[in-house]
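Please look over the sequence and the model together before reading on. The paragraphs below take up one helix and then the enclosed spaces.

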Amino acid sequence: MTNGTATPTDLDTRLEAYRTELTGYCYRMLGSSFEAEDAVQDTMVRAWRSYDKFEGRSSLRSWLYRIATNVCLDMLTAGNKRARPMDLTDSTPLAQAALSPRPDNTWLEPMPDGRVLPTTDDPAEAAVAKESVRLAFMAALQQLPAKQRAVLILREVLAWKAGEVAELLDTSVASVNSALQRARATLAERQQPGADAAVSDPLDEDQQKLLDRYVAAFEGYDMTALTALLHEDAIMTMPPFDLWLTGARDITGFMTTLGAPCAGSRLVPVQVNGLPGFAQYKPDPEGGGGFTPWAVQVLEISDGRITGFHCFLDTKRWFPLFGLPLHLEAETDQVEQSA
């Protein structure tokens, strides 16, 4: 098919075939679920409008990545770096815990796996893709200047050749290699909490048992059972609040004080950021029965314990993104994630 003979339907189909992988790329670049989807939509519109100028000197995929990179670099010129609470403040002892929110654009955002991880038959490729959207790696990426970030993602996550990256960025191979070395050095210096999370794909038997025990402990609000599952240095975060807690004692102490209204919650499994996760519904505070959304939980696991317990509380944004209902009936046993 030549450019001149592509019908609108043909072009739509060809562009849409790249939406998931482009969303993954833009998400890694921007750290925001919604900005990533906006960036991809902008990329598609620009590609549609300028398709008659696409001369086929590169592949359609390379051309789309060039557009997407330029869109992301433009969006990053404001210099905002998405972060996790532990990137911004020190850990707070439970006795000093206070819930202080920060603006939405402060935070690294969660993302459903299905929106950013293309289907592949290659287990190694699938593993790299999952590892590259985990919260610790995403937080590390945010520490890099925008062009170094693009180079690292293209070279080490997407396995592009240095020459291909140089062509995309209109620079030299030497410049690409230098940027990659600097990016690697920065990541090595700034080890992120959660970087040692070890989750197999699919979950192995021990990991699945750990999650089953976690669900039983959380839904039963059994702090003794939950303590047994948490690593001694486990971290709990709750964006949009900048508070973060360390250690089972402070985490369970918070859950039985400020977090006490979460007793009796229901957990629905979700696939999020290449990690196990749950949509948490707590009992409806209006007293009408059923459950109301409270958080998307992302769990980090290492050596048979939970090391990270990250709760994203802006449910009016997150639950629709994950295709989850905004109310759960009391008799409902399971909700299928549609995202």
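What follows goes from a single helix and its packing to the cavities.

This is a predicted model, in which local features need pLDDT of at least 70 and side-chain atom pairs count only at pLDDT 80 or more, while totals for chains, interfaces and linings use all residues. Residues are numbered from 1 along each chain as its sequence is written, and side-chain values use heavy atoms, with hydrogens and water left out.

Helix α9, residues 146-157, is a DSSP run (H or I, at least four residues), numbered from the N terminus. Its twelve residues reach 16 Å from the first C-alpha to the last, close to the 16 Å expected at 1.5 Å a residue, the expected span being 1.5 Å times one less than the number of residues. Buried residues in α9 (under 20% relative accessible area, 1.4 Å probe, protein chains only) include Arg149, Leu152, Ile153 and Val157. The buried residues of α9 pack against α2, α4, α7, α8, α10 and α11. After α9 comes alanine 159, with a positive phi near 60°.

The structure also holds two cavities of 30 Å³ or more, a cavity being a set of points on a 1 Å grid over the protein atoms alone where a 1.4 Å probe fits but cannot get out, with lining residues having an atom within 4 Å of a point. The largest contains about 90 Å³ of space, and among the residues lining this cavity are Asp104, Trp107, Arg317 and Trp318. In the second largest cavity there is about 50 Å³ of space, lined by residues including Ala83, Arg84, Thr237 and His310.

Notes
Helix = DSSP H or I, 4+ residues; strand = E, 2+ residues; numbered from the N terminus. Buried < 20%, exposed > 50% of the residue type's maximum accessible area, 1.4 Å probe, protein only. Contact = heavy atoms within 4.5 Å. 1 Å grid on protein atoms, 1.4 Å probe; cavity = no way out; pocket = protein on both sides within 12 Å on 5 of 7 lines; lining within 4 Å. Points joined across faces, edges and corners; volume = space filled by probe spheres on them.
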